[in-house]
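This report describes the fold, the nonpolar cores and the aromatic contacts of one protein chain. The sequence and the coordinates come first, and the description follows.

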Amino acid sequence: MTETPPRRPLAVFDIDNTLADTAHRQRFLEGRPRDWAGFFGAAPADPPLARGVALAVESAADCEVVYLTGRPERCRADTVAWLTRYGLPEGRVWMRGDQDRRPARLTKLEVLKRIARGREVRMLVDDDELVCQAARAAGFRVVLADWAADAPELKSAQEGEGRT
């Protein structure tokens with residue numbers, strides 16, 4: 001009888017301002033009302049963030065890499081194409097429902113707990129300090145992705161409008 005090999009631990013990566021530089025599309029969030037269609041429509045043009053990409057590639061040696069993003073489900077095709085274009089490891093992409101407007105710290109922690117059932121989560125890498133605090137408080141190892149430019153409009157939207 002053959003034994004099933006143990007499943008590799010998970011390395012969970014956020015996308016916006018962790019792997020993808022959103023600076024060029026912040027302008028869509030500065031006006032009122034915010035232009036969410038423009039913001040997400042410009043995502044395929046995001047340049048990669050070298051430190052985040054390197055960490056994801058390095059993590060793939062020991063872990064199964066998965067992605068946990070606040071982007072809405074309608075952005076799936078563009079998101080998967082972007083990850084492939086920049087050579088990121090293959091992995092499941094967990095996205096927010098198109099109508100889900102809860103703060104990122106709630107939606108991401110909910111999904112993180114779900115994917116951690118029966119699996120070791122080696123680390124969560126995210127730029128949102130509130131997401132990191134919530135995950136750390138729940139017992140997860142967290143790496144704060146502090147290598148992107150500050151994005152105050154995006155941070156406000158993540159918490160106040162539950163859009164990313």
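A residue is called buried here if its relative accessible area is under 20%, exposed if over 50%, and partly exposed in between. The model is a predicted one. By this criterion, buried residues make up 51% of the 164 residues in the protein.

**Overall fold**

The protein has 6 helices and 5 strands. Read from the N terminus, the elements follow the order β-α-α-β-α-β-α-β-α-β-α. Of the contacts with a separation of 6 or more, 73% are between residues 24 or more positions apart.

The strands form an open sheet of 5 members in the order β3-β2-β1-β4-β5, and the pairing is parallel. Strands β3 and β5 (142–144) are at the edges with a single partner strand each, so one side of each has no neighbour in the sheet. From one strand to the next, the twist averages 20 degrees.

The bridges give the register of the sheet. Strands β1 and β4 run parallel and are joined by 4 bridges, with Leu10 opposite Val121 in β4. Strands β1 and β2 also pair in the parallel sense, over 4 bridges, and the bridge partner of Leu10 in β2 is Glu64. Strand β2 is joined to β3 by 3 bridges, again parallel, and Leu68 stands opposite Trp94 in β3. Burial of β2 is extensive, as 8 of its 9 residues are buried.

Two helices can be placed relative to these strands. Helix α4 (residues 104–115) packs on the sheet and touches β1, β2, β3 and β4, and its direction makes about 150 degrees with that of β2. Helix α5 (residues 129–137) lies across β4 and β5 and runs at about 165 degrees to β5. Arg136 is found in helix α5. Its relative accessible area of 44% makes Arg136 partly exposed. The C-alpha atoms of Arg136 and Leu109 are separated by 9.9 Å, although the two residues are 27 apart along the chain.

**Nonpolar cores**

The largest nonpolar core has 29 residues, and those with the most contacts inside it are Phe13, Leu19, Tyr67, Leu83, Leu88 and Val125. At least two residues of this core come from each of β1 (10–13), α1, α2 (50–59), β2 (64–72), α3 (76–85), β3 (93–96) and β4 (121–126). Another core, of 19 residues, lies apart from it and has Trp94, Ala104, Val131 and Ala135 among its members.

Which residues does Val125 contact, leaving aside its neighbours within four places in sequence? They are Val12, Phe13, Asp14, Thr18, Leu55, Val143, Ala145 and Trp147.

**Aromatic pairs and charges over rings**

A search of the whole structure finds 4 aromatic pairs. Two of them are listed below with their ring geometry.

| Pair | Centre distance | Plane angle | Type |
|---|---|---|---|
| Trp36 and Phe39 | 5.7 Å | 80 degrees | edge-to-face |
| Phe39 and Phe40 | 5.2 Å | 75 degrees | edge-to-face |

Why do the rings of Trp36 and Phe39 count as edge-to-face? Their planes are at 80 degrees, and planes over 60 degrees apart are classed as edge-to-face. The same limit applies to Phe39 and Phe40, whose planes are at 75 degrees.

Trp36, Phe39 and Phe40 form one aromatic cluster. Trp36 and Phe39 both lie in helix α1 (residues 36–41), where they are 3 residues apart, about one turn of the helix. Are these two residues buried or exposed? Trp36 is buried, and so is Phe39. Phe39 has 0% relative accessibility and therefore counts as buried. Phe40 is buried too, with a relative accessible area of 6%.

Two arginines place their charged ends over aromatic rings. The charged end of Arg25 sits over the ring of Phe39, 4.3 Å from its centre. Phe39 thus takes part in the aromatic cluster and also has an arginine charge over its ring. In the other case, the charged end of Arg92 sits over the ring of Trp94, 3.7 Å from the ring centre. Trp94 is also among the residues of the core of 19 and stands opposite Leu68 in the sheet.

How values were computed. Residues numbered from 1 in each chain as written. Predicted model: local features only at pLDDT ≥ 70, side-chain atom pairs only at ≥ 80, totals over all residues. Heavy atoms only, no water. Phe/Tyr/Trp six-rings, centres within 6.5 Å; stacked < 30°, edge-to-face > 60°. Buried < 20%, exposed > 50% of the residue type's maximum accessible area, 1.4 Å probe, protein only. Lys NZ or Arg CZ within 6 Å of the ring centre and 35° of its normal. Core = buried A, V, L, I, M, F, W, Y, C linked by side-chain atoms within 4.5 Å. Contact = heavy atoms within 4.5 Å. Pairing = 2+ DSSP bridges. Axes fitted to C-alpha atoms, helices over the stretch in contact; angles between N-to-C directions.
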